[in-house]
Structures are given as structure tokens and as C-alpha cells.
Amino acid sequence: MRCDDGPVRRRPFLVAVAAALCIPAAGCGDQVGESVAGEPGPPPAELRVEVVAVHPHDTDAFTQGLEVDGGELLEGTGREGHSWVAAGSVDGGVERTRVHLPDDLFGEGLTVAGDTVWQLTWQNGVALARDRDDLAERDRVEYDGEGWGLCAQSDRLVMSDGSAELTFRDRDTFAELGRVTVHREGRAVSRLNELECTDDGAVYANVWQTDEIVRIDPQSGRVTARIDAGALREQLTAEQREGIDVLNGIAHLPGTDRFLVTGKYWPKLFEVRFVS
């Protein structure tokens with residue numbers, strides 16, 4: 001069960017326990033597990049975030065998916081009875097439209113494929129196909145397992161389920177096309193959460209319960225870079241940090257080397273570069 005599925009916004013006790021035990025919530029690194037067959041490959045590049053600009057972010061948003069498309073920022077949120085999807089200005093200042101999910105659905109990651117917005121649900125086993133313009137639901141497709149993150153490449157969708165696997169799916173039907181295990185130096189990396197696909201073919205993933213983002217070669221599953229985004233918390237006041245949950249949400253700004261990064265209930269949307 002995901003620890004971030006409930007409505008409680010402030011968890012100082014859980015954070016303290018995590019820090020004491022050095023589990024991922026304390027930022028101790030990604031979940032590196034069992035060995036993966038094949039050559040381990042070179043170690044990933046070590047990167048950090050460089051803040052370019054700071055924009056407002058809805059502090060009621062339990063952010064699950066973030067994407068920039070057609071000059072708009074799309075965001076999907078979670079929690080039963082509180083999940084919604086919205087589209088608005090890239091700087092987070094103006095919201096054009098917002099659609100709420102039925103109360104029994106827990107929203108997860110989203111992406112745009114042509115004129116369709118695909119949105120996952122966590123344990124409901126359905127993906128929602130939405131109209132790109134008004135975000136109205138027009139179809140549902142069932143899938144097995146949990147839904148966490150989603151992004152779109154030119155020929156397929158890429159989906160995470162909290163494990164070390166990425167699942168490839170058809171952009172139109174959502175049918176499964178294949179899978180790959182994500183690994184770093186020969187060992188599986190699990191808890192892959194929100195995803196972002198970029199034009200150069202890479203997939204970026206939040207590692208759940210950490211301040212780490214990994215860049216993945218989806219063909220091989222190899223982690224090619226690790227990004228330490230922990231400095232973003234330092235941009236928040238002590239009071240703001242008390243009210244937030246985990247880092248989650250990556251959106252590439254097309255045509256640039258910049259990304260938008262935020263977290264669940266975070267008051268700020270950071271425009272950043274990933275640098276050495």
C-alpha cells in the first residue's frame with residue numbers, strides 16, 4: 001500500500017521515523033534491488049537541479065501527473081473523492097478548466113497522445129481516455145495491476161506501476177506492447193513513480209519517497225543519470241515544509257533544456273535545469 005494514499009497532509013512523525021530508519025522517505029537514495037541479467041553498463045551521471053524560475057502551485061493538489069502540451073500545463077491529482085485533472089497556463093497562474101474524477105476513483109499519472117489525455121487510476125484498474133480540449137471522459141480501458149506514472153513517446157505510451165518495470169502501451173488502445181526492467185549498474189531500481197518522456201527518447205522518473213529523479217534509456221532499461229532534487233526543499237520555508245508531501249511531478253518544457261518540477265501539496269512549481 002502506498003503511504004501517500006490518505007487525506008492527511010502533515011506527517012512529521014512519519015518523516016522522523018523514516019529519517020531514523022534511513023528508509024527512502026528520508027531521502028536515503030533509490031530502491032536498488034536484485035541483480036538484472038545483462039551487462040551492468042557504466043555508472044549514471046550525477047546531476048543536480050538549477051532553479052531558473054519559481055511559479056505558484058495549488059497547495060490542495062496531491063500531484064500525480066504533470067505535463068506540458070500545446071502551451072498548457074496539465075496536472076492530475078489523486079485521493080478518492082479529491083482527484084481531478086486540470087489544464088491552464090504553464091506558469092501555474094491561470095487555470096482554464098478542471099474536471100473531477102468520480103469519488104470512487106483515485107487518480108494517478110497522465111499524458112497526452114494526440115487528441116487524447118490518458119489518465120491512470122491507482123488500484124481501480126482503469127485508464128481514462130479524455131478529450132484533450134475540455135478534458136471530458138470519453139472512454140475507459142481496463143488494465144491489470146496498479147497505475148502510477150505515464151508518459152507518451154511518438155510510437156507508444158510508457159507506464160510505471162511502482163515496481164522496477166516500465167510497461168509499453170499502444171497510444172490509441174492502451175494495449176500492452178512490452179516491458180523493460182529499469183536498472184542501475186546491474187541492479188533493479190524500483191518505486192518508479194511519475195514519468196516524463198522527452199524528445200530525445202529518454203524517460204525521467206520520480207523515485208517515490210525520495211528527492212531523486214532518474215533518467216532512463218527505455219530501450220535497455222538502464223539508468224543513465226541520477227538527479228538530486230533535494231535542494232528544492234530548501235527553497236521552501238520551514239512552515240511550508242511542514243505541510244507538504246513527497247516530491248512528485250516532472251514536465252519538460254518543449255524546445256528547451258528546462259523542466260517543471262513540484263510535489264504533492266507543494267506551494268511552488270520550480271522551473272529547473274538538470275546540470276552537473
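In the predicted model, Thr 97 touches Val 85, Ala 86, Ala 87, Asp 133, Asp 134 and Leu 135, when residues up to four places away in sequence are left out. Thr 97 belongs to strand 6, which covers residues 95-100. With a relative accessibility of 19%, Thr 97 counts as buried, because the cut-off for that class is under 20%. One of the residues touched by Thr 97 is Leu 135, which is placed in the loop between strand 9 (126-131) and strand 10 (137-142). Leu 135 is also buried, at 0% relative accessibility. The backbone of Leu 135 has a phi near 65 degrees, a positive value in a residue other than glycine. Most residues other than glycine have a negative phi.

A positive phi also occurs at Phe 174, where the angle is near 70 degrees and the residue is again not glycine. Phe 174 is located in the loop that runs between strand 13 (165-169) and strand 14 (176-181). Its relative accessibility is 1%, so Phe 174 counts as buried.

The secondary structure of the protein consists of two helices and 23 strands. Of its 276 residues, 54% are classed as buried. Among contacts with a separation of 6 or more, 53% are made by residues 24 or more positions apart. The exposed surface of the protein comes to about 11,600 Å², of which carbon and sulfur atoms supply 47%.

In soluble globular proteins, nonpolar side chains tend to be buried together. The largest nonpolar core of the model contains 19 residues, and those with the most contacts inside it are Tyr 204, Ile 213, Leu 232, Val 261, Val 272 and Phe 274. Two or more residues each come from strand 2 (45-56), strand 20 (223-228), strand 21 (247-252), strand 22 (258-263) and strand 23 (268-275). The greatest contribution is that of strand 23, which gives three residues. Phe 274 has contacts with Leu 47, Arg 48, Val 49, Tyr 204, Ile 213, Ile 227, Phe 259 and Val 261, again not counting residues up to four places away in sequence. Another core, of 16 residues, lies apart from the largest one and includes Leu 192, Val 207, Val 214 and Val 223.

Val 223 can also be related to Ala 188: the two residues are 35 positions apart in sequence, and their C-alpha atoms are 9.6 Å apart in space. Ala 188 is found in strand 16, residues 187-190. Ala 188 is buried, with a relative accessible area of 11%.

A search of the whole structure returns one disulfide. This bond joins Cys 151 to Cys 197, with an S to S distance of 2.0 Å. Cys 151 lies in strand 11 (residues 150-152) and Cys 197 in strand 17 (residues 192-197), and the pair, 46 residues apart, links distant parts of the chain. The torsion about the S-S bond is about 55 degrees, and the disulfide is therefore right-handed. Both cysteines are buried: the relative accessibility of Cys 151 is 1%, and that of Cys 197 is 11%.

Beyond its disulfide partner Cys 151, Cys 197 touches Ala 152, Gln 153, Val 158, Ala 202 and Val 203, with residues up to four places away in sequence not counted. The C-alpha atom of Cys 197 is separated by 9.5 Å from that of Glu 67, a residue 130 positions away along the chain.

Cys 197 and Glu 67 both take part in the lining of the second largest pocket. Rolling a probe the size of a water molecule over the atoms shows where empty space is left. The volume of the second largest pocket is about 400 Å³. Its lining is made up of 21 residues, of which Glu 67, Val 68, Ala 152, Cys 197 and Asp 199 are the closest to the pocket centre. At least two lining residues are supplied by each of strand 3 (63-69), strand 7 (107-113), strand 11 and strand 17. Strand 11 and strand 17 are also the elements that hold the two cysteines of the disulfide.

Notes. Residues numbered from 1 in each chain as written. Predicted model: local features only at pLDDT ≥ 70, side-chain atom pairs only at ≥ 80, totals over all residues. Heavy atoms only, no water. Core = buried A, V, L, I, M, F, W, Y, C linked by side-chain atoms within 4.5 Å. Buried < 20%, exposed > 50% of the residue type's maximum accessible area, 1.4 Å probe, protein only. Helix = DSSP H or I, 4+ residues; strand = E, 2+ residues; numbered from the N terminus. Contact = heavy atoms within 4.5 Å. Areas by Shrake-Rupley, 256 points an atom, 1.4 Å probe, with all protein chains shown as cover. Disulfide = S-S within 2.5 Å. 1 Å grid on protein atoms, 1.4 Å probe; cavity = no way out; pocket = protein on both sides within 12 Å on 5 of 7 lines; lining within 4 Å. Points joined across faces, edges and corners; volume = space filled by probe spheres on them.
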